[in-house]
Amino acid sequence: MAFLKRTDTGGMPVYLMLMHIKIALTASLLSISGLPALAEQPTATPSPERTRELIHLVRQDCGSCHGLTLRGGLGPALLPENLRNQSPTGLKYTILLGRPGTAMPPWQPFLNEAEAEWIVGQLLNGFPEESP
Amino acid sequence: MILKALRYGWLLAAFWSMLAGAAEPALQGTGDLGIIIERSAGRVAIVDTSRNAILGRVGNLGDLSHASAVFSRDQRYAYLFGRDGGLSKVDLLRKVVEKRIVQSGNSIGGAISQNGRLIAVANYKPGGLKIFAADSLDLLADLPAAYGDGKRSKVVGIADLPGQRFIYSLFDADQIWIADLSDLKAPRVEKFPDIGRAPYDGLVTPDGRYYLAGLFGEDGIAMLDTWQPQAGVQRILANYGRGEQPLPVYKMPHLRGWAVAGHQVYLPAIGRHEVLVADTVNWRETARIPVRGQPVFVIARPDGRQVWVNFAFPNNGFVQIIDTLTRQVIHTLEPGKAVLHLEFTPRGEAVWVSARDDNKVLIYDTARFAKIAELSLENPSGIFFTARAQRIGF
């Protein structure tokens with residue numbers, strides 16, 4: 001994977017800009033091809049059923065790198081105190097586009113922008129437990 | 001009179017044997033037992049692979065996402081490594097937690113020494129290796145994975161080596177280390193730097209000779225011949241991606257649980273939907289087998305005739321079986337939602353498969369690929385059978 005480079009410092013502003021461009025491009029490509037546009041206007045909270053799915057996804061599948069309790073693993077902890085000082089928009093694009101050069105993969109094939117935004121909101125408030 | 005006494009005598013004898021039966025638990029071996037992690041419940045189920053049954057459960061084990069286990073050489077105790085740094089010693093016969101400590105903030109797994117006396121735990125935070133006495137879980141040595149100016153790396157890919165040694169990789173420091181604990185008062189650590197970017201897991205071959213570390217940061221596998229460490233780390237299967245854009249990886253593959261079949265090793269590619277095959281004599285690539293998704297576990301049936309593969313999200317509903325003669329996928333199963341792990345019975349006539357989101361473990365006949373049984377468990381993940389106690393690298 002030669003494209004992978006360690007980005008310890010991040011270089012956030014440029015990086016964010018690039019992510020915006022990439023997401024816009026992807027969105028327009030998707031709408032051209034007739035698929036549901038990714039960058040739909042962020043809607044309110046997802047439906048109760050989708051909410052359950054999202055909680056499950058974050059706890060279980062994000063949990064495989066960030067820990068079931070989100071206290072960290074191969075990926076960093078995603079508790080409110082770890083994320084508070086970061087821009088919610090930046091975190092949203094981290095989730096959608098991943099962080100190239102790290103193990104954080106892009107989730108945009110499975111999440112739309114509104115859903116990613118909802119996840120960030122929940123992470124910042126302490127992510128809900130799965131109800132059995 | 002005599003008749004009467006005889007009759008009562010019978011009754012008495014029957015009563016006596018009932019009492020005796022209650023006082024002495026039925027004798028049982030442990031070679032066909034195992035544990036299954038119920039990750040969200042922080043609990044393990046103790047299972048019997050001869051009867052395909054759950055014998056009981058042991059709880060209060062903390063955060064068991066990504067938990068793994070090793071076994072004492074008498075196969076009675078499971079040592080469980082929890083994500084939250086918990087190290088628990090579980091008695092499979094009495095079905096209790098004999099001892100539990102929280103030894104770090106965040107751990108990834110562990111290993112047991114050749115003589116069965118030492119338990120090594122690989123920690124993410126604070127990064128390093130800790131060595132405990134297998135009987136008491138007392139701390140015997142602390143070996144921080146320090147590199148650069150005071151940084152500490154996450155430790156991954158730990159395995160036991162002959163001679164009370166453990167081999168492991170430093171994810172953040174691109175190194176392989178061998179800790180030698182043959183003298184507990186003076187542990188020695190041998191370091192191999194610049195092995196390639198971001199090793200994410202490792203394995204030793206069944207003879208304990210070769211250590212392979214999978215690299216996340218580049219195409220290729222770092223290989224160390226521990227019989228000739230002076231030859232240094234070699235790169236094998238370099239450039240298996242051939243410069244193509246890699247596919248996203250939604251779950252890190254695991255190398256532990258080797259897939260060495262004959263003199264071929266089967267390994268998950270990273271960012272490719274392929275299983276890579278290399279010759280263990282000259283370490284050249286011999287085949288790449290296209291599969292259903294990003295492979296996670298690539299495990300050989302104990303006789304080496306088949307290799308079973310499961311996959312990362314979103315292809316985690318499939319399991320594929322590779323025939324090692326033709327090196328082709330010969331069968332695809334859909335055991336259930338979110339297949340996390342699989343484990344063969346000691347000689348491989350059956351395989352147990354966990355389907356996390358369907359809350360069940362399925363048992364398949366490996367000759368016919370037919371389902372034999374199904375057990376109900378809450379979000380099952382790792383499955384570990386006591387036969388591991390007798391294998392190097394487990």
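Visitor: Which residue forms a salt bridge with B:R235, and how far apart are the closest N and O atoms?

Guide: Start with the general idea: side chains of opposite charge can pair when their charged atoms come close. Here the partner is B:E218, with the closest N and O atoms 2.6 Å apart. Keep in mind that this is a predicted model, so every distance we discuss is computed from it.

Visitor: Where do those two residues sit in chain B?

Guide: B:R235 belongs to strand β21 (residues 233-236), while B:E218 is in the loop between β19 (210-215) and β20 (221-225). They are 17 residues apart in sequence, so the salt bridge ties those parts of chain B together.

Visitor: Is each of the two buried or partly exposed?

Guide: They fall into separate classes, and the cut-off for buried is under 20% relative accessible area. B:E218 is at 18%, so that residue counts as buried. B:R235 has 35% and is partly exposed.

Visitor: How many salt bridges does a search of the whole structure find?

Guide: Over all chains, 28. Let's take another one: B:E38 and B:R57 meet through their side chains at 2.8 Å, N to O. This pair also links distant parts of the chain, with B:E38 in strand β1 (residues 33-38) and B:R57 in strand β3 (residues 53-58), 19 residues apart. B:E38 is buried at 0% relative accessibility, whereas B:R57 is partly exposed at 36%.

Visitor: And what about B:D358 and B:K337, at what N to O distance do their side chains meet?

Guide: That salt bridge is at 3.9 Å. The cut-off is within 4 Å, so the pair still qualifies. Both ends are in loops: B:D358 between β31 (350-355) and β32 (360-365), B:K337 between β29 (328-333) and β30 (339-344), with 21 residues separating them. As for accessibility, B:D358 is partly exposed at 26%, and B:K337 is exposed at 51%.

Visitor: Which residues are joined into one network by salt bridges that share partners?

Guide: B:E38, B:R43, B:R57 and B:E378. You've already met two of them, B:E38 and B:R57, as a pair.

Visitor: What does the side chain of B:D48 reach?

Guide: Not every charged side chain has to be read through salt bridges. The side chain of B:D48 reaches the backbone nitrogen of B:S50 at 2.8 Å. B:D48 is in strand β2 (residues 43-48) of chain B, and is buried, with a relative accessible area of 3%. Leaving aside residues up to four places away in sequence, B:D48 touches B:Q28, B:D32, B:L33, B:A53, B:L55 and B:W352.

Visitor: Let's move to chain A. How many helices and strands are there?

Guide: Five helices and zero strands, giving the pattern α-α-α-α-α along the sequence. Chain A has 132 residues, and 45% of them count as buried. To see how the chain folds back on itself, look at contacts with a separation of 6 or more: in chain A, 60% of those come from residues 24 or more positions apart.

Visitor: Where does helix α2 of chain A bend?

Guide: At A:L57, by about 30°; the helix spans residues 48-66. α2(A) is mostly covered, with 14 of its 19 residues buried. Just after it comes A:G67, whose phi is positive, near 90°.

Visitor: How much area do chain B and chain A bury between them?

Guide: About 2,400 Å², with 56% of it on carbon and sulfur atoms. The residues in contact number 33 from chain B and 26 from chain A. On the chain B side, B:F216, B:Y250 and B:F313 supply 23% of the area buried against chain A, more than any other three residues.

Visitor: Which side chains meet in a salt bridge between the two chains?

Guide: A:D61 and B:R356, at 3.4 Å, N to O. The count between chain B and chain A is one salt bridge, alongside seven residue pairs in polar contact. The residues of chain B that touch chain A divide into 12 nonpolar, eight polar and 13 charged.

How values were computed:
Residues are numbered from 1 along each chain as its sequence is written. Chains are lettered from A and ligands numbered from 1 in the order in which they are written. This is a predicted model: local features need pLDDT of at least 70, side-chain atom pairs count only at pLDDT 80 or more; totals for chains, interfaces and linings use all residues. Side-chain values use heavy atoms; hydrogens and water are left out. The bend at a residue is the angle between axes fitted to the seven residues ending there and the seven starting there. Helices (H or I, at least four residues) and strands (E, at least two) are DSSP runs, numbered from the N terminus. Buried means under 20% relative accessible area, exposed over 50%, partly exposed in between (1.4 Å probe, protein chains only). Contact means heavy atoms within 4.5 Å. Buried area is the accessible area (1.4 Å probe) that two parts lose on being put together, summed over both. A polar contact is a pair of N or O atoms within 3.5 Å; within protein, one must be able to donate a hydrogen and the other to accept it, and residues adjacent in sequence count only if both atoms are side-chain atoms. Ala, Val, Leu, Ile, Met, Phe, Trp, Tyr, Cys and Pro count as nonpolar, Asp, Glu, Lys and Arg as charged, and the others, Gly among them, as polar.
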